[in-house]
Amino acid sequence: MDLRIFTEPQQGADYETLLRVARATEDLGFDAFFRSDHYLRMGPEAHPGEGGEPAGMPGPTDAWITLAGLARETRRIRLGTLMTAGTFRLPGVLAIQVAQVDRMSGGRVELGLGAGWFQREHEAYGIPFPKEKFDRLEEQLAIVTGLWETKVGDTFSFEGSHYRLTDSPALPKPAQAKVPVLIGGHGASRTPRLAARYADEFNIPFASVADTERQFGRVQAAAAAAGRAPGALVYSNALVVCVGKDDAEVARRAEAIGREVGELKANGLAGTPEEVVEKIGAYQAVGSQRIYLQLLDLHDLDHLELISAQVMARLG
């Protein structure tokens, strides 16, 4: 079971904070550092901090600018997004950005790409929020992967309902021969079909064991229908994590992120290391091969150390 660290910087984290977490991720033996792609804090407004600062300070950081910096300041861990919002970037530009960061990292980048969904952040920063987000996502996937797959010296053209590319040189190329593409979500039909066609990994976020098993089955069926071996994809979960050496420490960490212990145990990976290992085993039993641990308190690096020493070590 691969364990990856997944962060939500829009809740309030600058680049230096993310760098500390990424370096700890690498030093403690985790497989990867991933981040969300959002420009606005979510959830109930927190109390202003010292000096009356508004919640979410110092403000958003851009996902791919962050990953470009981390590409130069880490050496081993994989780097990626859950998920890059398709509404934020033109697909040709995104293909260039990801390829460049992949080269900067020496071939350690993965692209999670989704349709985009949080309307309020689009309104806050003047980003168009189109109605046909899923149709656009399908074209974006075709363009990004098509540009990367085009042989050097050839050109790439695309004629869609939303995007048109004419005789693109399809450069630069990533360092990797194949940048892994992640597609995820709970959709019952279109999402599995897109995953079967374009994804190297399918991720289901914040789902129960039963819902995970059901969605993995849909993706596997879609892959088979598309003439692709269902086992050709990696299947993963994203789950909030809250681990403590005892119940008191679990409660303290839950309070720090504004959550209830019971709710976290029901919907995420919470409890003592033994409890969390058991819960991970339940996901593994229904086909999960990788878990993205959503770390909400980015200043609690002791949390990462505990997970590395007492959870990851038990998983082998």
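This is a short walk through one protein model, from its confidence values to a strand, its empty spaces and one arginine.

Let's begin with how far the coordinates can be trusted. The model is predicted, and the predictor's confidence, pLDDT, averages 96 over the protein, with 97% of residues at 70 or more. One stretch stands apart: residues 46-50 have a pLDDT below 50, and in the model this stretch makes 3 contacts beyond its near neighbours in sequence. Please keep that in mind if your eye lands there.

Now find strand 3, which covers residues 78-81. Its side chains alternate: Arg78 and Gly80 point one way, while Leu79 and Thr81 point the other way. Despite facing opposite ways, all four of these residues are buried. In this model, that label stands for a relative accessible area under 20%.

Strand 3 has strand partners that you can trace in the viewer. Strand 2, residues 32-35, runs parallel to strand 3 and is joined to it by 4 bridges. Within that pairing, Phe33 has Leu79 as its bridge partner. Strand 5, residues 109-114, also pairs with strand 3 in the parallel sense, here over 2 bridges. In this pairing Gly80 is matched with Glu110. So that you can place them together, Leu79 bridges to Phe33, and the next pairing to look for is that of Gly80 with Glu110.

Next come the empty spaces. Rolling a probe the size of a water molecule over the atoms shows where empty space is left. The second largest pocket holds about 160 Å³ of space. Its lining is made up of 13 residues, and those nearest the centre are Gly86, Thr87, Pro130, Arg136 and Tyr163. Sorted by class, this lining has 7 nonpolar, 3 polar and 3 charged residues.

What about space that is closed off? The count comes to 1 cavity of 30 Å³ or more. The largest cavity contains about 50 Å³. Around it you will find Val241, Arg253, Ala256, Ile257, Leu295, Leu296, Asp297, Asp300 and His303. By class, 5 of the lining residues are nonpolar, 1 is polar and 3 are charged.

Finally, turn to Arg252, which sits in helix 8, residues 247-256. Is Arg252 buried, exposed or partly exposed? Its relative accessible area is 45%, and the partly exposed class runs between 20% and 50%, so Arg252 is partly exposed. For a last landmark, look from Arg252 to Cys242: they are 10 residues apart along the chain, and their C-alpha atoms are separated by 9.6 Å.

How values were computed: Residues are numbered from 1 along each chain as its sequence is written. This is a predicted model: local features need pLDDT of at least 70, side-chain atom pairs count only at pLDDT 80 or more; totals for chains, interfaces and linings use all residues. Side-chain values use heavy atoms; hydrogens and water are left out. Buried means under 20% relative accessible area, exposed over 50%, partly exposed in between (1.4 Å probe, protein chains only). Two strands pair if DSSP finds at least two bridges between them. On a 1 Å grid over the protein atoms alone, a cavity is a set of points where a 1.4 Å probe fits but cannot get out, and a pocket is an open set with protein on both sides within 12 Å along at least five of seven lines; lining residues have an atom within 4 Å of a point. Grid points are joined across faces, edges and corners, and a volume is the space filled by probe spheres set on the points. Ala, Val, Leu, Ile, Met, Phe, Trp, Tyr, Cys and Pro count as nonpolar, Asp, Glu, Lys and Arg as charged, and the others, Gly among them, as polar. pLDDT is the predictor's confidence in each residue, from 0 to 100. Contact means heavy atoms within 4.5 Å.
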